[in-house]
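Open the model in your viewer and keep the selection panel at hand. The stops below go through two ligand sites and then the cysteines.

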Amino acid sequence: MSRVTTLFTTLTVALLAPYLAQAQAPDAALIERGAYIATAGDCAACHRTKQSGGPAYAGGYVIASPLGDIVAPNITPSHKAGIGGWSFEDFDRSMRRGVRPDGARLYPAMPYTNYQGISEDDMRALYAFFTNGVKPVDTIAPTTDLPFPFNIRAMMIPWNWMFRSDKPFRPTPALSPAAQRGQYLVETLAHCGSCHTPRNILMAEKNSQAFTGGDVGGWRAPNITSDPVSGIGGWSDQQLVAYFRNGHVAGKGVAAGGMGEAVEHSLRSLSDPDLSAMVAYMRTVAPVRDSADTRAAFGFTQVRPVSLTAYENSDTRDQNAVAGSATIDGARLYAGACASCHGLNGNGSKDGFYPPLVGSSATGSNNPNNLVMTVLTGVDRRGSDGHAFMPAFANDMNDAQVAAVANRVLTQFGNSAVQVDAAQVATLRAGGGKPLLLKLVPWIIGLLGLVLVGLVTVFMKRRFWKS
Ligand code: HEC
Ligand code: HEC
Ligand code: HEC
């Protein structure tokens, strides 16, 4: 009798299992927590549509990597186009190890080396959100097609073996609980190091130089160690929190480029305790000084008066007249294209909406990239206190003109020891300098070819002697 009952129960459970699983759909609180974790992980900055305003997490957005364009896939729960049907284990494996359910390796443009340390609880909440809290979108994002040899995804197997750690995240024991929380956010979910840490020749983060500054698509993610000169030691806690919330701090700097995206899609929506925790952790990162720096990037506050008499020409105040002209007179370009917002003296507008270019990290840095990139791409960033918008000048100015106006800004308002030329602007316009790895590719392919020819020759000779 008892056997029959057991059999009956087993059968019922087996038959009902799929329905029970559905009934066990995660509760609203877990999904909501997952949504917050997705925000902290900044998933939306990459997994968005190509044109802004498309459905959330539908993918298609193109990430310009030094190896070529990488398309962010659709990660909505669509069975046709997204990750619908993925088990928790499938999801977890792609998030931590960069391996898709079909075994294909992901490129580290998806920051799985950082996400590897996400806690089990947070990963489950994230999964609950992406399977039950996101609207499925059936549009398949275009596939990524990198040039040979980078199209061989299996190349990531040895890369992972060399550079991906399997260790779970462990906070530094000596830190306060707040700083430990900050360390968790900064090193895993918020993946700050993916931009702010320099990369080695194989493009893995150099952990020994964490947060000392990195290059991302033409932009310079500055040194954010606690050093008061080269890093952020001179920023107050409130200023750092305000920068994360709003994307700008008077007398310090502006968040444009990838940092503007991090503010818009992630940081501005995080809780006050979490932002303060990140700051508490950043304070504990050992200071690293660049010997070329003599003062902080925001420390170029001296005003060098501009002589107005030279700019009383009628055309210099007319933005269109200058934008359409071929002049490479930086002062005229500045007066025509920039002064209407930033002021002829570079002091910005009184309310700070148009920021001063005097005493700003982009104009005082020993690296002019962010100044040039801002002129090329403009600023389009939503922070907690509003929408900052500066037009892009990439189409209105040629490389020589951008260099001229940047040099005018550097000389007049910023670090006059730094100058740029048209060739540098051309490189930044094309997405930044090519990493050594890419320059070596033809050599590596050539070398492999030689080895192959050598092997074939030896093989043929052996057969010849044998016969
Ligand atoms: C810096 C950009 C970036 C961020 C941030 C990012 N991803 Fe990705 N993700 C990518 C790219 C690019 C790929 C595809 C890589 C490839 O083609 O190898 C990818 C792939 C994936 C995949 C595999 C999908 C598939 O169909 O192969 C999943 C799942 C995923 N991401 C989830 C997430 C989640 C969840 C977050 C936030 C916690 C996140 N990603 C944040 C860029 C990003
Ligand atoms: C997608 C790349 C990217 C990510 C991710 C990123 N940053 Fe940035 N960050 C930048 C860039 C680029 C700048 C320079 C922005 C500018 O000048 O317009 C910057 C600027 C900053 C600054 C201002 C520094 C200065 O001297 O002006 C701070 C502070 C900062 N980031 C902290 C962080 C922290 C903390 C995180 C993680 C929560 C983070 N960033 C994540 C790219 C990034
Ligand atoms: C229509 C107004 C407008 C014009 C014209 C304009 N800007 Fe801006 N600029 C802005 C705004 C708005 C911001 C961002 C403010 C913020 O983030 O709150 C900004 C930010 C900047 C920054 C700081 C960026 C950073 O990454 O830290 C620099 C440098 C800059 N502008 C230079 C220029 C130069 C040079 C020109 C002329 C070629 C110019 N701007 C023209 C409005 C303007």
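Buried means under 20% relative accessible area, exposed means over 50%, and partly exposed covers what falls in between. Keep that in mind throughout this predicted model.

**Stop 1: the iron atom of ligand 2**

Select the iron atom of ligand 2 and show its protein donors, which are NE2 of His196 and SD of Met259. These donors lie 2.0 to 2.2 Å from the iron. Now display all 6 donor atoms: the angles among them run from 88 to 180 degrees, and the site is octahedral. Colour by secondary structure next. His196 sits in helix H9 and Met259 in helix H11, so the two donors tie together parts that are 63 residues apart in sequence.

Are these two donors buried or exposed, or somewhere in between? His196 has 10% relative accessibility and is therefore buried, as this is under the 20% cut-off. Met259 has a relative accessible area of 22%, so Met259 is partly exposed.

**Stop 2: the shell around ligand 2**

Extend the selection to the residues around ligand 2. There are 24 of them, and the closest are Cys192, Cys195, His196, Met259 and Ser361. By type, the shell divides into 18 nonpolar residues, 5 polar and 1 charged.

Three polar side chains are worth labelling in turn:

- Ser361: an N or O atom of its side chain is 2.7 Å from an oxygen atom of ligand 2.
- His196: a polar side-chain atom is 2.8 Å from a nitrogen atom of ligand 2.
- Asn370: a polar side-chain atom is 3.4 Å from an oxygen atom of ligand 2.

To see which elements contribute two or more residues to this shell, highlight helix H9 (193-196), strand E4 (219-221), helix H10 (237-246) and helix H11 (257-265).

**Stop 3: the iron atom of ligand 3**

Move to ligand 3 and select its iron atom. Which protein atoms serve as donors here? They are NE2 of His342 and SD of Met390, at 1.9 to 2.2 Å from the iron. The 6 donor atoms subtend angles of 88 to 179 degrees, which makes the arrangement octahedral. His342 belongs to helix H15 and Met390 to strand E8, and this pair links distant parts of the chain, 48 residues apart.

Check the accessibility of both donors. His342 counts as buried at 10% relative accessibility. Met390 counts as buried too, because its value of 19% is under the 20% cut-off.

**Stop 4: the shell around ligand 3**

Select the 23 residues that surround ligand 3; the closest are Cys338, Cys341, His342, Arg381 and Met390. The division by type is 19 nonpolar, 3 polar and 1 charged.

Measure three contacts to oxygen atoms of ligand 3:

- Arg381: an N or O atom of the side chain is 2.8 Å from a ligand oxygen.
- His248: a polar side-chain atom is 3.0 Å from a ligand oxygen.
- Val254: a polar backbone atom is 3.5 Å from a ligand oxygen.

Helix H15 (339-342), helix H17 (369-377) and strand E8 (386-390) each supply at least two residues of this shell.

**Stop 5: cysteines**

Finally, select the cysteine sulfur atoms. How many disulfides are there? With a limit of 2.5 Å between sulfur atoms, the count is 0. Two cysteines can be looked at for exposure: Cys46 is partly exposed at 28% relative accessible area, whereas Cys338 is buried at 13%. Cys338 is also one of the closest residues around ligand 3.

Definitions and conventions
Residues are numbered from 1 along each chain as its sequence is written. Chains are lettered from A and ligands numbered from 1 in the order in which they are written. This is a predicted model: local features need pLDDT of at least 70, side-chain atom pairs count only at pLDDT 80 or more; totals for chains, interfaces and linings use all residues. Side-chain values use heavy atoms; hydrogens and water are left out. Buried means under 20% relative accessible area, exposed over 50%, partly exposed in between (1.4 Å probe, protein chains only). A residue is near a molecule or strand if one of its heavy atoms lies within 4 Å of it. A polar contact is a pair of N or O atoms within 3.5 Å; within protein, one must be able to donate a hydrogen and the other to accept it, and residues adjacent in sequence count only if both atoms are side-chain atoms. Helices (H or I, at least four residues) and strands (E, at least two) are DSSP runs, numbered from the N terminus. Ala, Val, Leu, Ile, Met, Phe, Trp, Tyr, Cys and Pro count as nonpolar, Asp, Glu, Lys and Arg as charged, and the others, Gly among them, as polar. Donors are N, O and S atoms within 2.8 Å of the metal (3.2 Å for Na, K and Ca); water is not among the atoms, so sites may look incomplete. Four donors count as tetrahedral if all angles lie between 85 and 135 degrees; four count as square planar and six as octahedral if opposite donors are over 155 degrees apart and all others between 65 and 115; anything else is irregular.
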